[in-house]
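Trainee: Before we look at this assembly together, may I put a few questions to you about its internal space, its chain contacts and its backbone?

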Amino acid sequence: MAAIRFTHVIKEYAGGTLAVDDLNLEVAEGEFVVLVGPSGCGKTTALRMVAGLEEITDGEIRIGDRVVNDLAPRDRDIAMVFQNYALYPHKTVYENLVFGLRMRKVPKSEQRRRVEEIARILGLEEMLERRPAQLSGGQRQRVAMGRAIVREPQAFLMDEPLSNLDAKLRVQMRAEIARIQQTLRVTTLYVTHDQVEAMTMGHRVAVMRSGVLQQVDTPQRLYDLPGNLFVASFVGSPAMNLLDVALEREGGGLVCRSGGVEIELPVDIAARRPQLEQYVGRRLALGIRPEALSESSTDPDAPRIRGRALLVEALGAESLAHVEVNAMALDRPELVDVSAAQAHLLPVGDRTATLLARLEHDTGVKPGHVVDLAADVRRLHFFDLDTGSAIPVAGVPVTAAVV
Amino acid sequence: MSSLTPLAPTPVAVRAPARRIRVRRGKLVRRIGLNAVALLVFAVMVFPVYWMVATAFKPGRDILDYKPHWFPAPATLSNFTNAIHRQYFWTDVKNSAIVVVCVVTLSMVVAFLAALALSRFRFYGRGAFIVLILGVLMLPLVALIIPMYITMSRAGQIHGLNWVLGVNKLSGVIVMYMTFVLPFSVWTLQGFMRGVPRELEEAAMVDGTTRFGAFVRILLPLVAPGLVATSIFAFIQAWNEYIIAYVFLQDGSKQTITVWLASFTNLHGTDWGPLMAGATLTALPVVVFFVLIQRRISFGLTAGAVKA
Amino acid sequence: MAVAESEFPLVSRRRRRLSRRRVGSALAPYALLAPTAIVIGAILGYPLYLLVRLSFEQYGLFELVRHKGTWIGIHNFRTIFHDSQFWHVVARTLVFTAVNVTLTMILGTAIALLIARLGRFMRLLLTTGLVLVWATPVVVAVNIWRWMVDYEFGVANWTLTKLHLGNFIHHDWFANTWEGFGVITAVIVWGAIPFVTITLYAGLSQVPQELVEAAQIDGARAWNVFREVTVPLLKPIFIILTSLSIIWDFQVFNQVWIMLGERPSPDYYVMGIYAYVTSFRSNEYGLGSAIAVVMVAIMMAATVVYIRQMIKTGEVR
């Protein structure tokens, strides 16, 4: 078992494109870190550089104490699970599992013992003599996992191992992989584009975008304290509502205004973010998670946002309301996760924005109704419109690089 | 909902059978027509081949008859014995076999390496090399034999070269056959290799093999069927070649089987029965191999062009 | 702000440091290509260079014995360009190629469309027949056809007479150039149809069924589906097949040569035959090379179309 450490790692392709730009990251011994980001963000490249399948242009990658930059994959003592499993089609399951051990000249008896043990753990005993083509998707996935585990490597590398499974199996395997990792305590670097996967599986999650690491933190802190607009819009499903607001001083307190929407910030909230003072008289981005909006608040002082319901999606446990409000939607596609922004399917008018609100499952709101949404001011997020950085809460350290 | 219950017959359902029969009859006529055309096409296409085999089994008096004998009855093997006992038959079969085996072996070894480079590495000049391969494949042999002849006749007189090169040397023909077999093999093999996902080798490398080890242990067994198919196609090309053998192998004992077929024709005419028997024998190995690989190889020069 | 620098100290700058492993993997592809490149360079590159050089040289029997030609500049080209026979041969070859390619493509396409509409049994029967024809070596095929059109005992003459298409008894097909070329065209087209048909059929069967269904739902009739869906999808393969056919038919040699008993009269000269006869029968290797160079130049056009289409369809990646 060993830590993986990226130090100022750069990957530049022949055309000059930077796939990975100055990546600094440490996966501690036994830790499960998920690299997440939209496709093309460099996460897979980063993983493949650890495996030795991709040259490192600059910087240093260490596994344990060794700098592995110039080591061949076989000398790195890591195991990898590929997106399409990469099971050897001409070998049986047994031969697939034992291949890595044979290559490492593990004694024959030991080979058999280990493969059989892994097969038992993963429930593959019945299919050891089959070939990959005769297995179902879930079984192939297990064999791919087994091939990694049986080697007892220094670290696991997983490249979107669940993306070829159907939704139900994916949830099941998600738990299984997390459980295996917990039992074996093997350092694991896991790549996915699915933020739900990232949040549910990782001890820590590293968000990447266009080759640049945005933030690394535990899933909960990533969710509660996104370091910038990109992380805020990427993490969480449904995505955070983002409005373009003007910050003004009114009386003793601060007010966010956008179109007809007005949110008064209580003094203690404003005081927790001393930097907000600098933004008075300027515009900034205001973020409100859908669950921070409710239909009726017990708190009579909570600011209200009036709008018209366009669509109400009943999800069983809750209802998701798309509410059109008279406010300015944030229009900075270069700072947010575009795919999440597009999840707001309904057209954004000139002076209207659509807010998503998580309402009670038995809400009486119907499309066309006028709704008053109460915003939980303790759960608001503020971002600089130019840099996209979060305006920090005093006393809470920022955990990772922010562009 | 109630209107969809199976109990509610609609007026349309009553009239339907009559219409269906008419449609069926139209389809039937169409199908018979199509099958008749197909049968005709089949007959026209296959007839020449049939006629060769039929003639080969007919006795001489049935062959040289103004009224064609459609079936080889009575059948005889005398044409085959005649062909086989003709001068140089076995020598020329042996020559063809030597040439083909050498050409295929050499091409496969060399082409395998090149295909590996083209399918597994990105490097400067890769595209240009592929274009070169495809380009030289299209060069007409009849244009190339002129300089080749000049070169060979000269090399044949240079001490140190004349043990391989020169006119009337099988080894010279082997070298010249590489001109078309090698580019073809490179192109076809790299297509087969591209069909093997790269991740398999990456997985093997992570599992502990070297890059070369991954080629040998993973790629080679997986691409083996493609290797066999390419070899067979190379075999067929070399076996069928005519013009180079015709120009360069002038001595009867040094010729290949395709040139040997010309020996049935002389100033007095052609010995049709034995010629057809010889032609059947010449075509036989090719047909057998071809049927084996046809599915795999037919798209080498056009492959992928239809993937929507 | 960035992560505390102390946590990730700057490593020494080693941009593109050339380790042994990197150099190895950068050179590997070239090493693998080297044997092929050397062989092609030696057995194709050199002859090609020599061909061009010969076309600028006086190279006859004398020079062949002496192993040294005499540079005469563009004299060979001037000779052939002023030779009316050369232009006849070029025109004949072009027309001959056009006819062969057109017939091959039309018949090949028609049969492919036919196969696509057949039941399983007939489809198998017809494709098996086509494969059989495809597998027949050219030399064998020519001999079969030569036998079928034999002036005395050929099955063609008897059948045509019986069908009351005229009196073909003792008809010599090669006395008249048009008829002779007709027979040669028949051999070529007959031999070329299987490749075209089977490739096109494979293309047809790869047209996604959903596309056809979508078009039908959009209200397209069979003909419209064919024109709007099938044809555009098959166009790349059609271009490739046509350019390949042009390349192959333009350089035809064996079919003419063997069909006419290895001594065709000048009326039967196509470019390949003309270059060959000039070189090896008249021993004018320089002149023959000039003809061959012109031939390669003309074929270059079709080759460029072929390769460009292969690149476009992503075959050359």
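The questions and answers below concern a predicted model.

Trainee: How many cavities of 30 Å³ or more does the count give?
Mentor: Rolling a probe the size of a water molecule over the atoms shows where empty space is left. In this predicted model, applying the rule with a lower limit of 30 Å³ brings the count of cavities to 4.

Trainee: About how much space lies in the largest cavity, and which residues lie nearest its centre?
Mentor: The space in the largest cavity comes to about 1400 Å³. Its lining is made up of 46 residues, and those lying nearest the centre are Gln237(B), Val138(C), Trp248(C), Asn254(C) and Gln255(C).

Trainee: Which helix supplies the largest share of that lining?
Mentor: By class, the lining of the largest cavity divides into 33 nonpolar, 11 polar and 2 charged residues. The largest share of this lining, 7 residues, comes from chain C, and the element that supplies these residues, spanning 177-206, is helix α8 of chain C.

Trainee: What area is buried between chain B and chain C?
Mentor: The size of an interface is often given as the accessible area lost when the parts come together. Here 96 residues of chain B are in contact with 101 residues of chain C. Carbon and sulfur atoms give 78% of the area buried between chain B and chain C, which is about 8900 Å².

Trainee: How many salt bridges, and how many residue pairs in polar contact, does the rule find across the interface of chain B and chain C?
Mentor: For salt bridges across the interface of chain B and chain C, the rule finds 0. For polar contact, with both residues at pLDDT 80 or more, the number of residue pairs found across this interface is 11.

Trainee: Which helix gives the most to the side of chain B that touches chain C?
Mentor: Several helices of chain B each supply at least two residues of that side, among them α4 (89-120), α7 (170-194) and α12 (272-297). The residues of the side divide into 74 nonpolar, 16 polar and 6 charged. With 16 residues, the helix that gives the most is α1(B).

Trainee: Where is Pro74(B), which a cis peptide bond joins to Ala73(B)?
Mentor: For the bond between Ala73(B) and Pro74(B), omega is about 0°. Pro74(B) is found in chain B, in the loop between α2 (60-63) and α3 (78-85).

Trainee: What is the phi of Tyr85(A)?
Mentor: Tyr85(A) lies in the loop between β6 (78-81) and α2 (93-103) of chain A. Its phi is positive, although the residue is other than glycine, with a value near 70°.

Notes. Residues numbered from 1 in each chain as written. Chains lettered and ligands numbered in written order. Predicted model: local features only at pLDDT ≥ 70, side-chain atom pairs only at ≥ 80, totals over all residues. Heavy atoms only, no water. 1 Å grid on protein atoms, 1.4 Å probe; cavity = no way out; pocket = protein on both sides within 12 Å on 5 of 7 lines; lining within 4 Å. Points joined across faces, edges and corners; volume = space filled by probe spheres on them. Helix = DSSP H or I, 4+ residues; strand = E, 2+ residues; numbered from the N terminus. Nonpolar A, V, L, I, M, F, W, Y, C, P; charged D, E, K, R; others polar. Contact = heavy atoms within 4.5 Å. Buried area = accessible area lost by both parts, 1.4 Å probe. Salt bridge = Lys/Arg side-chain N within 4 Å of Asp/Glu carboxyl O. Polar contact = N/O pair within 3.5 Å; in protein donor to acceptor, adjacent residues only side chain to side chain.
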